[in-house]
Amino acid sequence: PSMDAEALKKLNKNKKLIKKLARKYDAFLASESLIKQIPRILGPGLNKAGKFPAAIQQSDDINAKITETRSTVKFQLKKVLCLAVAVGNVEMTEDQLVQNIVLTVNFLVSLLKKNWQNVRSLYIKSTMGKPFRIY
């Protein structure tokens, strides 16, 4: 589904409607010209939800951008000492899952100040399965 600037203006900075929109979708894409207007039109609602739109140029392939956005993992490190991240889904092969887990763990560790010294333990867990310690 798509919305133009007029449809966004109809939300009229209504916090409840913007929160509802943010909850309804996992991510947003917007043209560069519209991205500059979004904070003025909607206010801080999408930003607070951590779902500010990603920019699309006119030359970009929209389907490729959607696939890229879907396969992006977002780390949100706040004041808590525990972090949970989705690294795969049911359709992925075992090799793809291993590759994703290794890539995700290495990237996360590279974000930390003291690298592996800041990691106490790592667990992998399926939705309904038991956690399995990997570090």
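Which residues are exposed on the other side of H2? In this predicted model, the exposed residues on that side of H2 are Lys-16, Lys-19, Lys-20, Arg-23 and Lys-24. The buried residues of this helix, which spans residues 15–24, are Ile-18, Leu-21 and Ala-22. Because these buried residues fall within an arc of 100 degrees when H2 is seen down its axis, they line one face of the helix.

A similar description can be given for helix H3. Its buried residues are Leu-34, Ile-35, Ile-38, Ile-41 and Leu-42, and they are placed on the same side of H3 because they cover an arc of only 125 degrees around the axis. On the other side of H3, the exposed residues are Ser-33, Lys-36 and Arg-40. The residue that follows H3 is Gly-43, which has a positive phi, near 80 degrees.

Buried residues of both helices take part in the largest nonpolar core, a set of 12 residues made up of Ala-5, Leu-8, Leu-11, Ile-18, Leu-21, Phe-28, Ala-30, Leu-34, Ile-35, Ile-38, Ile-41 and Leu-42. Two or more residues are given to this core by each of helix H1 (5–10), H2 and helix H3 (32–42), and H3 supplies the largest share, namely five residues. Within the core, Leu-8 is in contact with Leu-34, Ile-38, Ile-41 and Leu-42, as well as with Met-3, when its neighbours within four places in sequence are left aside. Apart from the largest core lies another, of six residues, which include Ile-101, Val-105, Val-119 and Leu-122.

The loop between H2 and strand E1 (29–31) contains Tyr-25. With a relative accessibility of 25%, Tyr-25 counts as partly exposed, since partly exposed residues lie between the 20% under which a residue is buried and the 50% over which it is exposed. Although Tyr-25 and Lys-51 are 26 residues apart along the chain, their C-alpha atoms are separated by 8.8 Å.

Nonpolar side chains are also found on the surface, where Trp-116, Ile-124, Phe-132, Ile-134 and Tyr-135 form a patch that together has about 480 Å² of accessible area. One member of this patch, Ile-124, belongs to strand E3, which comprises residues 123–124. The relative accessibility of Ile-124 is 30%, and this residue therefore counts as partly exposed.

Notes
Residues numbered from 1 in each chain as written. Predicted model: local features only at pLDDT ≥ 70, side-chain atom pairs only at ≥ 80, totals over all residues. Heavy atoms only, no water. Buried < 20%, exposed > 50% of the residue type's maximum accessible area, 1.4 Å probe, protein only. Helix = DSSP H or I, 4+ residues; strand = E, 2+ residues; numbered from the N terminus. Arc of directions from axis to C-beta. Patch = residues over 30% accessible without salt bridge, like charges linked within 9 Å, V, L, I, M, F, W, Y side chains within 5 Å. Areas by Shrake-Rupley, 256 points an atom, 1.4 Å probe, with all protein chains shown as cover. Salt bridge = Lys/Arg side-chain N within 4 Å of Asp/Glu carboxyl O. Core = buried A, V, L, I, M, F, W, Y, C linked by side-chain atoms within 4.5 Å. Contact = heavy atoms within 4.5 Å.
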